Amino acid sequence: MSFQTINPNTNKLVMSFEEMTDEAINNAVAQAEKAFSSWRKTGYTERSQLLNKVA
């Protein structure tokens, strides 16, 4: 089963997403936890500099 994002203004398909397996979900959560454990130790100055680069 896939999930779809539809533009409500045009009724056109924007993107379609396939359902994730339990293993894929667990891997994504583990990666997010790992990234957050590093990110939370990052100071506000460095965070703002990184976010400004991305923007």
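Trainee: How much area does the protein chain expose, and what percentage do carbon and sulfur atoms supply?
Mentor: Happy to help! This is a predicted model, where local features need pLDDT of at least 70 and side-chain atom pairs count only at pLDDT 80 or more, while totals for chains, interfaces and linings use all residues. Residues are numbered from 1 along each chain as its sequence is written, and side-chain values use heavy atoms, leaving out hydrogens and water. By the Shrake-Rupley method with a 1.4 Å probe, the protein chain exposes about 5300 Å², and the share from carbon and sulfur atoms is 54%.

Trainee: In which order do the elements of the protein chain run, from the N terminus on?
Mentor: Helices (H or I, at least four residues) and strands (E, at least two) are DSSP runs, numbered from the N terminus. The protein chain has 2 helices and 2 strands, and their order is β-β-α-α.

Trainee: Why is the protein chain described as more spread out than a compact globule?
Mentor: The globule rule is 2.2 Å times the number of residues to the power 0.38, and the radius of gyration is taken over C-alpha atoms. For 55 residues the rule gives 10 Å, so the chain is more spread out because its radius is well over that, at 17 Å.

Trainee: Which side chain of opposite charge is nearest to arginine 47?
Mentor: Lys and Arg count as positive and Asp and Glu as negative; His and the chain ends are not counted. Arginine 47 lies in helix α2 (residues 44-54). At 8.2 Å away, the nearest side chain of opposite charge is glutamate 46.

Methods:
Buried < 20%, exposed > 50% of the residue type's maximum accessible area, 1.4 Å probe, protein only. Salt bridge = Lys/Arg side-chain N within 4 Å of Asp/Glu carboxyl O.
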